Amino acid sequence: MALTLAAVNAAAAPVILENAAAVAEITPETGRITGWRLKNGENVLWNNPSQDLTSPYVPGWKNYGGDKVWLVPQKMRPAVFGNSAPDPVIDGQPWRVTTQSPLSVTIESGESPCLRCRVTRVITLAEAEPVLTISTTIRRTAASPHPVEIWVVSQVKRPEYGLLDLAPDLCPAEARSWQMRAGRSDFKSEVKGSLLEIRFPEKDWDKFCSYGRFVETVYPGVVFRQEFEPEKEGTYPDHSTVHLYVNDHYAEMECFSPLRHLKAGESMTLDVRWSLRPRAGWRQSGPGGGGTVMHLQPSPHDSRKLLSAGDMGAMFHSADGGKSWTMHDFEEAERIRYSGGCSPWEYVPARSGEVWVGSKTRGLLRSRDHGASWQAVPGPWEALTKRDWFHSVGPDLVRFAPDGRTGLASW
């Protein structure tokens, strides 16, 4: 049944988007996404259960929970709004539904008198998959001296642990990640390939930030991912594009656009993709063949493409996010180096799909398809009887150690 615009705006109940795999709930009254779950699963979003929604840390702000939008960095709020609370209209007054269909809804905020902006969010559920796309647009309605950003904040239930993507190509000159309370909290983090894994104590708070394309929270039965493609040009005041904040009660998954000065009539958009994947326990999906898995890493160009190496010397490739695996036999890539803390292969950041590795029998190898196939690279190492592999020492060089000596090969 088609809904008229008047009927949509008159409805007090939340808007429900539902397919065979997942359910999303949008509450225009608070301008938030308040529900996101697998069809038969629990809501991963956190909604404040307290009767008193005021925050002791941010006077004047009501913490409803759920997913919301903020428009300026936290440190700019006193200068823009006169206090430390978010925008009193964008994150304080009801939004209106402008269009709705069975799998999509568009909501619009009021106009911020401080920023002279309106925000529109188009929220669309995939036809059959547990995937929700949120397209958030800021439009400047009149001139304002204040720059704006799209800061999407999703308050979620406290997970088992969290993951931040580490993407060195987004800002090569800066650190890949940083911790707000480093040395002052009991949170533990560890870099695993291109991921930062974050483990939490039972009680405490901290925030982790990185230049990355996604953030994940891991629960006993499901993994919640938010991903997007950050703009490489622009100012990121927090020196990061994704955050994970955790306190005693909930966590926050945060994604950022650059901070920009918009002229009257200009706009900018941030598209974030949410997905849920079941986590019903471990099952063997490969790679196999004996021995211990020593390295597992996704391609920085395509997270579905994975490489793995074990202590038996074989190398494995997956093109579908680990659902299936192919082993490269000894004729193609024998005795890939597996020991030590660094991975045995090196991706070429400037050329999508290109990766280099070294083997003891074929010397230096190159792949141009994310590791699905390998070709030997001619060089002086072909005449040596013993070869080993180390790692990249710079953006344009690969180091290897044949017969105990060091050589360099240019990408």
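Colleague: How many residues stand between strand 5 and strand 6 in their hairpin?

Modeller: Two: strand 5 and strand 6 form a hairpin with 2 residues between them. Bear in mind that this is a predicted model. The pairing of strand 5 with strand 6 is antiparallel and spans 5 bridges. For a reference point, V97 has I107 in strand 6 as its bridge partner.

Colleague: Which strand does strand 6 join in the antiparallel sense through residues 117–125?

Modeller: That is strand 7, and 5 bridges join strand 6 (residues 104–108) to it. E108 is found opposite T120 of strand 7.

Colleague: What is the strand order of the open sheet of 10 strands?

Modeller: The order is 5-6-7-8-19-16-15-10-13-12, and the pairing is antiparallel. Strand 5 (96–101) and strand 12 (188–192) are the edge strands, each paired on one side only. From one strand to the next, the twist averages 15 degrees.

Colleague: How many helices and strands does the protein have?

Modeller: There are 3 helices and 30 strands. Of the 411 residues in the protein, 50% are buried. As for contacts between residues at least 6 apart in sequence, 57% join residues at least 24 apart.

Colleague: Where should I look to read the strands towards the start of the chain?

Modeller: Take strand 2 (residues 22–27), where 5 of the 6 residues are buried. Strand 1 (residues 15–18) runs antiparallel to strand 2, with 4 bridges joining them, and L17 sits opposite A24. The hairpin from strand 1 to strand 2 passes through 3 residues. Strand 2 also pairs with strand 3 (residues 32–38), again antiparallel, over 6 bridges; here V23 is opposite R37.

Colleague: Which residue has a positive phi in the turn between strand 2 and strand 3?

Modeller: G31, with a phi of about 65 degrees; the hairpin has 4 residues between the two strands.

Colleague: How do I read the two faces of a strand, and which residues of strand 18 lie on each side?

Modeller: In a regular strand, side chains alternate between the two faces of the sheet. In strand 18, Y250, E252, E254 and F256 lie on one side, with A251, M253 and C255 on the other, and all of these are buried. Buried here means under 20% relative accessible area.

Colleague: Why is strand 18 described as largely enclosed by the rest of the structure?

Modeller: Because 7 of the 7 residues of strand 18 are buried. As for its partners, strand 9 pairs with strand 18 in the antiparallel sense over 7 bridges, and V156 has A251 as its bridge partner. Strand 17 pairs with strand 18 antiparallel over 5 bridges, with H243 opposite E254. A hairpin of 3 residues joins strand 17 to strand 18.

Colleague: How is empty space found, and how much lies in the second largest pocket?

Modeller: Rolling a probe the size of a water molecule over the atoms shows where empty space is left. For the second largest pocket, that space is about 1000 Å³. The lining has 34 residues, and Y57, V58, Q74, Y245 and Y250 lie nearest the centre. Strand 9 (151–157), strand 17 (242–246) and strand 18 (250–256) are the elements giving two or more residues to this lining.

Colleague: Which element gives the largest share of the lining of the second largest pocket, and what is the make-up of that lining by class?

Modeller: Strand 18 gives the largest share, 3 residues. By class, the lining of the second largest pocket has 15 nonpolar, 10 polar and 9 charged residues.

Terms used. Residues are numbered from 1 along each chain as its sequence is written. This is a predicted model: local features need pLDDT of at least 70, side-chain atom pairs count only at pLDDT 80 or more; totals for chains, interfaces and linings use all residues. Side-chain values use heavy atoms; hydrogens and water are left out. On a 1 Å grid over the protein atoms alone, a cavity is a set of points where a 1.4 Å probe fits but cannot get out, and a pocket is an open set with protein on both sides within 12 Å along at least five of seven lines; lining residues have an atom within 4 Å of a point. Grid points are joined across faces, edges and corners, and a volume is the space filled by probe spheres set on the points. Ala, Val, Leu, Ile, Met, Phe, Trp, Tyr, Cys and Pro count as nonpolar, Asp, Glu, Lys and Arg as charged, and the others, Gly among them, as polar. Two strands pair if DSSP finds at least two bridges between them. Axes are lines fitted to C-alpha atoms, for helices over the stretch in contact, and angles run from 0 to 180 degrees between N-to-C directions. Buried means under 20% relative accessible area, exposed over 50%, partly exposed in between (1.4 Å probe, protein chains only). Contact means heavy atoms within 4.5 Å.
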